Amino acid sequence: MQAKPTSFLRGEDTPRGQLSRWLEDWAARPENEGALAEWRTLPAREARFGELLPPLPVALRNALGGQGIERLYTHQVRAVEASRAARDTVVVTGTASGKSLCFHLPTLEKLLEEPEATALYLFPTKALAQDQLKSLTRLAAGDLDTTRTLVAGVYDGDTATGTRRKLRESANVILSNPDMLHAGILPQHARWARFLRNLRYVVIDEMHAYRGIFGSHVSNVLRRLERIVRHYGGEFRYVLCSATIRNPGELAGLLTGRDVAVVDDDGSPRGAKHFVFWNPPYRDDTMVERRSSNVEGCQIMAGLMERGAQVITFTKSRVSAELVYRYTREQLERGAWRDKRKGRALPGDGEGAPPLAERIRPYRGGYLPEERRAIERALFSGELRGVVSTNALELGIDVGGLDAAVLIGAAPTLASIWQQAGRAGRSGPESVVVLVAYNDTVDQYLMRKPDYFFGRSPEAACVDPHNPYILAQQLACAAYELPLSPDDEAAFGPQTAAVLAALEDAGETHTIDDRSYWAKTDFPGAKVSLRAMSDDTYTIQDTSNGHKVIGTVDAISGLELVYPGAIYLHEGESWWVSALDLEKKIASVEPREVDYYTQPVLDTNIRVRGELQRRDWRGESLRFGEVTYSWQVIAMKKIQYRSLDAIGYHPLELPRLTLDTAGFWFAPGPESWGALAREGLNPWEGLNGVRNLFVTLLPLMAMCDPMDLGGMIDSSNLGAPAIFLFDRYPGGLGFAEQGYARLDELAEAAHAHLVGCPCGDGCPACVGTPIYRPAQQQDLDAMKKARDIPGKAAARAMLEGWLMRR
């Protein structure tokens, strides 16, 4: 049944009102019957203000007045009060709620009352640091005394050498990122003695981004910062800001090692937001395959742009971003040709303006920095009317007047979906967001149960500061900076002594009088990347143009993107990979126009290394422990554009990669197998279906990316078919361990999802596709073409058998 708009608000004379009308008309077309799964208009919300006592200094009140701000929202008042009371604070409110003032105001107030004071702002991206520098300086510009007091600057990898020296010597606010703190500030802390001795505030913006491996590294970097600040006699408080997550206080505590006060009563106003769930219709009456989500998304994006909107579209992989950009550009070219024939002009285009097809760009990791900056500038200025991005543009850069956001595939967390949706409508009274579903488990779950999305976020962020792999790297960096003593165990955790002993056995540290010193001449931080366990990067070179570098890719993704014979997509153009030099880490490409793209085919293996925990779970022996997982790209498939037909398959010879990690596993016993056999069901299909459900639903509980988890069915370890779920990071990061501890909840969620799916025998949206571990850069659109989907009845019977037991 077609969903109807609820609480439908229209500004008939506004661009966003036109967009709402077009979406309603588009959904009413016969070929789109049933596609509109949900339409909710989130109503406008009035502001709630508070009174700060004592009031801010006159200089700050003048600065706020210069921005047209006369009163503070309730959450801003509470954040300032907490900072004044010397409490570490995390602010958890919606997009565009004025969170920046929650750290700008305490910082500026402290600078005005204590001239020597300093503050460090940390952001997950360089672009966000630049954006917040503009925000801070604009605020200070409203008052002469505040302007004279503030000496702020961005200190990151793009900062010139001369500017770095000036900032070290005179700045009182440094805006940077954890990577630069880790590799560029802490190792040279003697040069920063003035700044660190007077440090009063450390700001962590977009805290929810610090989860998994990145957050686990950053938590240790912050502990390194605190010990060095104490070394210079300094003391500081944290102000953290986050999108809505289930455990903001817990995450803030894990990141900082402190008790943190939570401010989550959002007093900011909000314009109406039309939120549309779009589920591509089935291709035929078998109700297995749906129409291409990428094509549906590009049609919606093109339609919105043709009606004058500036649109951002989010995709889930680099390949998908390139494909959607290519499809949308072609759609706009066809639309311009039709309009030209009919003598119509596109809205919003003045005479001589470039056609819309030239005012859209893709944006993703792997582009060169100068390419990304040029796209950002064109988007912010309005020169670009559309951008197709991975999550690289998800975080809170102020891009002004975007009218609409199209989300192709649900982001891995509900917090991320709201972040992406918040990119539209920041400067207007009304905005439009369209979530286009893939035919996979999580997306279809949201299509059927929209209340799950529109209610409070159930997700918990997961970090593990004591992960031994990460801790070993971070303690090496800490020893390089200052000798480690037994007192440091309070900050770095109970494994500190054991990890330091391992470092000493490896000859990296040596101990004198209970103090561990770095024993080598090199800098350990140079080998430690905070954002990926693999530090290797492949350079992509155009052999037809003097080996010009056109992009980069990390080593793991490289074997899945730029293998020999692959089609590498860059700004919508096809590049054929002629060679991959594994030693020099160079992929050689040349332009080649073809009617297909490529996807990798993987072979996988798993081995149990050691059992750490065991318990009985509903009659099965459930185990958690150490496993070694390995995988190899063994072939590639050629996928035709738009139709998604597989038109070729070619074997490849590439190295096998291994991963020592943590996971849980169990082998269903004779009772489970016998029950299915008596009903004439295939237990193997049931096991595969359950595995797929677990792998795709556990991220909703553990707040990790689906690609952070792996799942396999294997008989070689236990002598019987067993389900394995494991973290896809060395040593594990607690995701699979949550599955081990919460298996009841996971099994119940899997059963409810299976029962709610309207298909008959099973589909990619419930029991899933028989792919053990999708490649990191997989196009999810192509995956739905897979056949031999596990049996729904067998998976349901297996789950019900467990859930009926005590």
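1. Starting with the inside of this predicted model: the largest cavity comes out at about 130 Å³. There are 3 cavities of 30 Å³ or more in the structure, and the points just below stick with the largest.

2. Who lines that cavity? The count is 16 residues, and those lying nearest the centre are Val319, Leu561, Ile567, Tyr568 and Leu569. By type, the lining of the largest cavity splits into 9 nonpolar, 3 polar and 4 charged residues.

3. As for where the lining comes from, four elements each give at least two residues: the helices α13 (318–342) and α21 (555–561), plus the strands β21 (567–570) and β24 (596–617). Of the contributors, β24 has the largest share, with 4 residues.

4. Now to the sheet. Seen in order, β1-β11-β16-β15-β12-β14-β13 make an open sheet of 7 strands, and the pairing is mixed. β1 (36–42) and β13 (360–363) are the edge strands; each has a single partner, so one side of each has no neighbour in the sheet. On average, neighbouring strands here are turned by 15 degrees against each other, ignoring direction.

5. If you want a register to check by eye, try β11 (residues 272–278) against β16 (residues 430–436): the two run parallel and are paired over 7 bridges. One handy marker is Lys273, whose bridge partner in β16 is Ser431.

6. Last, have a look at the β13 end of the sheet. Helix α14 (residues 369–381) lies across β13 and β14 (386–389), and its direction makes an angle of about 135 degrees with β13.

How values were computed
Residues numbered from 1 in each chain as written. Predicted model: local features only at pLDDT ≥ 70, side-chain atom pairs only at ≥ 80, totals over all residues. Heavy atoms only, no water. Pairing = 2+ DSSP bridges. Axes fitted to C-alpha atoms, helices over the stretch in contact; angles between N-to-C directions. Contact = heavy atoms within 4.5 Å. 1 Å grid on protein atoms, 1.4 Å probe; cavity = no way out; pocket = protein on both sides within 12 Å on 5 of 7 lines; lining within 4 Å. Points joined across faces, edges and corners; volume = space filled by probe spheres on them. Nonpolar A, V, L, I, M, F, W, Y, C, P; charged D, E, K, R; others polar.
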